[in-house]
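Dear colleague,

Please find below the structure that I am handing over to you, together with its sequence. My notes on strand pairing and charged side chains follow it.

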Amino acid sequence: MFHDAVDVAGSTTKHSPTDSYSISNNQVRSILQVHSGQILVGGYSGIDLFDSNRNNFKRLELNMLLYSSESNAGNVQYLFQDDLNSIWVGTSNGLYSYNMNSNEYQMFLNNPGDENSLSHNRVECIFQDNDKNIWIGTF
């Protein structure tokens, strides 16, 4: 399920092609408030960070990593933050673990020859259990 706009602080925001501080796409798939209080919005054009002081959005540098020729992540499906503050990004073409402080990421993809790889590249949900295991739901 996706939403065609985001309600922020009592008002609806939509993408504007002439405003680089608007949300990057109206098709929103996931919203995450990280432990620091920042809000990340993921969808068909990557991830936006909501700036509550300016009431606008900025594109994360992660988008350049997600959409490089090396990774070609596809649409952001799900955002999750684990207990170690890593941001997990489930996409239509793989899973990414991202450290916002170091700007480093790790990519996980299905490898048919590796039974420990993702079962499929389309990641629909991410969960951390009480034992700190990360569970990945694929489709």
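Two strands are taken to pair if DSSP finds at least two bridges between them. Please bear in mind throughout that this is a predicted model.

I begin with a pair that meets this rule. Strands β11 (residues 123-128) and β12 (residues 134-138) run antiparallel and are joined by five bridges. Within this pairing, Ile126 stands opposite Ile136 in β12. The two strands form a hairpin with five residues between them. In the turn, Lys132 has a positive phi of about 75°.

Lys132 also takes part in a salt bridge: its side chain meets that of Asp83 at 2.8 Å, N to O. Lys132 belongs to the loop between β11 and β12, whereas Asp83 belongs to the loop between β7 (76-81) and β8 (87-91), so the pair ties together parts that are 49 residues apart in sequence. Asp83 is partly exposed, at 44% relative accessibility.

The strands on either side of the Asp83 loop belong to an open sheet. Four strands form this sheet in the order β7-β8-β9-β10, with antiparallel pairing. Because β7 and β10 (104-108) stand at the edges and each has a single partner strand, one side of each is left without a neighbour in the sheet. From one strand to the next, the twist averages 20°. Five bridges hold the antiparallel pairing of β7 and β8, in which Val76 stands opposite Thr91 in β8.

I turn now to the remaining charged pairs. The count of salt bridges comes to four. One of them is formed by Asp48 and Arg59, whose closest N and O atoms are 3.7 Å apart. This pair links distant parts of the chain, with Asp48 in strand β5 (residues 46-51) and Arg59 in strand β6 (residues 56-59), 11 residues apart. Is Asp48 buried or exposed? At 2% relative accessibility, Asp48 counts as buried, because the cut-off for buried is under 20%. Its partner Arg59 is partly exposed, with a relative accessible area of 31%.

A further salt bridge brings together the side chains of Glu124 and Arg122, at 2.5 Å from N to O. Glu124 is partly exposed at 27% relative accessibility, and Arg122 is likewise partly exposed at 27%. These two residues are linked with Arg29 in a network of salt bridges. As general background, side chains of opposite charge can pair when their charged atoms come close.

Yours sincerely

Notes:
Residues are numbered from 1 along each chain as its sequence is written. This is a predicted model: local features need pLDDT of at least 70, side-chain atom pairs count only at pLDDT 80 or more; totals for chains, interfaces and linings use all residues. Side-chain values use heavy atoms; hydrogens and water are left out. Buried means under 20% relative accessible area, exposed over 50%, partly exposed in between (1.4 Å probe, protein chains only). Axes are lines fitted to C-alpha atoms, for helices over the stretch in contact, and angles run from 0 to 180 degrees between N-to-C directions.
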